[in-house]
Structures are given as C-alpha cells and as structure tokens.
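I opened this model to look at how its interior is packed. My notes follow.

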Amino acid sequence: MTKTEQFISEVDRVSAHNYHPLPIVISKADGIWVTDVEGKKYLDMLSAYSAVNQGHRHPKIIKAMIDQAERLTLTSRAFHNDKMGPFLSKLTRLTGYDKGLLMNTGAEAVETAIKAARRWGYNEKGIPENQAKIIVCDGNFHGRTTTIVSFSTDPTCRTGFGPFTPGFKIIPYDDPAALENAIDANTIAFLVEPIQGEAGVKVPSEGYLKKCREITKERGILLICDEIQTGFGRTGRMFCSDWENVRPDIICMGKAMGGGVYPVSGIVADNFIMEAAFSPGNHGSTFGGNPMACAIASASIDVIVDEHLPERAMELGEYFRKELRKIDNPNIKEVRGKGLLTGLEFKTNCAHDYSLKLMKNGVLAKDTHGTTIRFAPPLVITKKELADALETITRELA
Ligand SMILES: *Cc1c(COP(=O)(O)O)cnc(C)c1O
C-alpha cells in the first residue's frame, strides 16, 4: 500500500463518510501550491471553496496568528478582549456598515442573518408571532444546519433530516418577477447568493441583484446577500454585490475572512437592524469574536486590500475564461464566472472523471453536481502560473 492508500483507508475506517474527496492526501502547502504525502506538488485550483483567497499560509497572516497566540487566544464574550473592537472598526470601515456580529462558520453567519431578520420583522415591522417568512432561491447553498437545510432544494442535503424549520419560501433563481410575486404581508427578507457557487457557479443575468434591491426596498423587506463564497475579492470586486453597486441590508461573510487558517465568519448591517435584533443574551457563540480570530481576520483583510486581490481576480479571471473557451471539446456546454470564480459545465456527467485526470496532472479542482468543474485558484496566482495551469487543463480537457 502507498502512503496515500494507507491514509485513505484509515479515514474510511474511522471517519464518518460525509464527503467524497479526490484520492489525494495533502500534508503541506505554500501559496498556490499543495504537496501530498508522496511528495508530489499540485496547483490548488479550489482554494478550500474560496477560504484560501490569500494563498496558503500567507506570511503576514501566519505572523498575526503566531503573535496573537503568544499573547491571548480566548476570553469568551463574558469579558472584553483588545482585538474585537479594532477589528470590527476595520471591517465596518471596509464595508460601510454600522456594526458587525462575529461568528465562526459560514452556516452560523447565515443563521445569525436569519435571526436578525426575524427579530427585526417582529420588533420593527410588527409581523404576527411565528409568521415571519424569508424568501430563498432554488439551487441555494447556505450551509448545513437543520434550519438551513430546511430550505435547501438539494435532496442530498435534506433527505432524512426533517422535521424542517418552517418560514421559508423557495423561488427560482435569477427571476425578479418571482420575487415580486412571492412577497406577502409576512415576508421579512430575501436571502440570495450573488453567484450560486455550490450550484455550479451560476451567474445570474446582469442587473438581477440590482432589480432585487429595488424590489426589496420598495416592498419594505430586507435584502440579505450570502457572500461567504463570493466575498473578499473572489469575483473581482471586494464583494460580488459591488458589481451592481448594490448595498444589501445584511451581508453574510466567512471563508476567506479567516485567510485559510482559522474559521471566522459574521454579518454586517446597520443599526436599524442590529439594534432591533440583538440584546445581551439573545445570540452568541463561545468562540465568536475571539482575539485569535480577530487578529487573523484583520491580517487577512489587509492582505486582500494591500495586494489588490480583487483587481487581480478581475484581470486574471477574464483571461482564464477566454482561454478556457478556446478548448476544443464538443462536450463542453458553457464556461462562466466572474473574477477568479469559474465554472466549466459539460453536457454530460463527466466532471468528476475530468477532475481526476487534472489531479493526476498536478491541477486540483473539484466537480460540483457531476457536470461542472469549479476553478477557483488563490487570488495571489500570477498570470504565468495560470498560463501553465491552462496548458495542462487544455491538454486534459481537449
Ligand atoms: C461555504 C458556504 C456556506 C457555509 O459555510 P461553512 O463555513 O461551511 O458553514 C454558506 N454559504 C455559501 C454561499 C457558501 O459557499
């Protein structure tokens, strides 16, 4: 047995089988590169689902982590720490909102947004008790908690996990008229991904988000954008909603917020929501807003800003898709994306096989839903490195 086979058979034995990973065991990483236990190097074109936008082990983020680890790691929110305030000042300055609320995982950020919207609905809009309704989209991915899978449309995520949390209405994605029609007197919010990443990098029509903003404003409901995957430079803007100059009422963020080294998530919103929704004791998390998280997230945001990663993503993404579209393969249906978030969709269910072929040739990308390969390299990748990757991708996919 190779080392790889040994590690995989151990995981098969002792880990719950809640994932179906490619057969590679990674033990080291640096920048855009990862190395497996056999010593073979690969280009990471998944970036942990966009949690590693800054590249693996960015020196400034690692330094912030080590410095903080030597001073203070956790206080809980029973006491103040000297990192959360300065970090939230930075985050609210960057995003232009009054306040932030920090959690750990993306799913918790979405849960926080749902709770904020509901409390706002009852306290400010006068919705009758237990009647608040949130509109969501077909094909959504917002995480894995029981409430969030309650409004998933993917049977794999849902089946057998009921009874489900009520209060959600599902409408088609990229359909402003459906949103308009779905809003009733008890609707409090529309929760949407600016691009549906997990669904296969579904990019909505131009103007969709702007139209949703107009409708939600006109009808007096909140627009909540889940930017957990699309945020922090991935799509060529700091947030994907910036593409259409849309200012959501709540932004959910996570993934790259922790620079690929620590789980950090949260929401930002203005006082009219934050003040109506939260009071001492009604929401929280032991690790939420801890000093390690804040030090790391602070450095993670600095890297994105200082290294102009959104601009890089925009330039390189355009180039990448232009080259992918030249690949001669009649089974390719579409190449789409924004910034360095790209989906390549096939006409048949062959994306997993192609991912395996790419892996064998040193390029790591993962299929989603069988027909689409998602390419999302760290945003620190250079044009030369991307060109080298394109050579491999073109050869293996043609
Ligand atoms: C990954 C993701 C989540 C969930 O984040 P976790 O950290 O895995 O809980 C939620 N929404 C979107 C759009 C995501 O991509």
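I started with the largest nonpolar core, working from a predicted model. This core holds 56 residues, and Met45, Phe232, Phe375 and Ile393 touch the most other members. I checked which element gives the most to this core: helix α11 (residues 291-306), with nine residues. I then looked at the domains. The core draws at least three residues from domain 1 (3-54 + 308-397) and at least three from domain 2 (60-306). Apart from this core I found another, of 32 residues. Ile127, Ile188, Ile228 and Met274 are among its members. In general, nonpolar side chains of soluble globular proteins tend to be buried together.

Next I listed the contacts of Phe375, leaving out residues up to four places away in sequence. Phe375 touches Met45 and Ile393. Its other contacts include Phe320, Leu324, Leu340, Leu341, Leu344 and Leu358. Thr342 and Ala365 are also touched by Phe375.

I moved to Thr372, which sits in strand β15 (residues 372-375). Is Thr372 buried or exposed? Its relative accessible area is 2%, under the 20% cut-off, so Thr372 counts as buried. With residues up to four places away in sequence left out, Thr372 touches Gly200, Arg336, Gly343, Leu344, Glu345, Ala351, Lys366 and Asp367.

Last, I looked at the whole chain. I noted 14 helices and 15 strands. The radius of gyration is 21 Å, close to the 21 Å from the globule rule for 398 residues, so the chain is as compact as a globular protein of that length. The C-alpha trace spans about 60 × 50 × 45 Å along its principal axes. Of the 398 residues, 55% count as buried.

Technical notes: Residues are numbered from 1 along each chain as its sequence is written. This is a predicted model: local features need pLDDT of at least 70, side-chain atom pairs count only at pLDDT 80 or more; totals for chains, interfaces and linings use all residues. Side-chain values use heavy atoms; hydrogens and water are left out. A nonpolar core is a set of buried Ala, Val, Leu, Ile, Met, Phe, Trp, Tyr and Cys residues joined through side-chain atoms within 4.5 Å. Buried means under 20% relative accessible area, exposed over 50%, partly exposed in between (1.4 Å probe, protein chains only). Helices (H or I, at least four residues) and strands (E, at least two) are DSSP runs, numbered from the N terminus. Domain bounds come from an automatic or database domain assignment. Contact means heavy atoms within 4.5 Å. The radius of gyration is taken over C-alpha atoms; the globule rule is 2.2 Å times the number of residues to the power 0.38.
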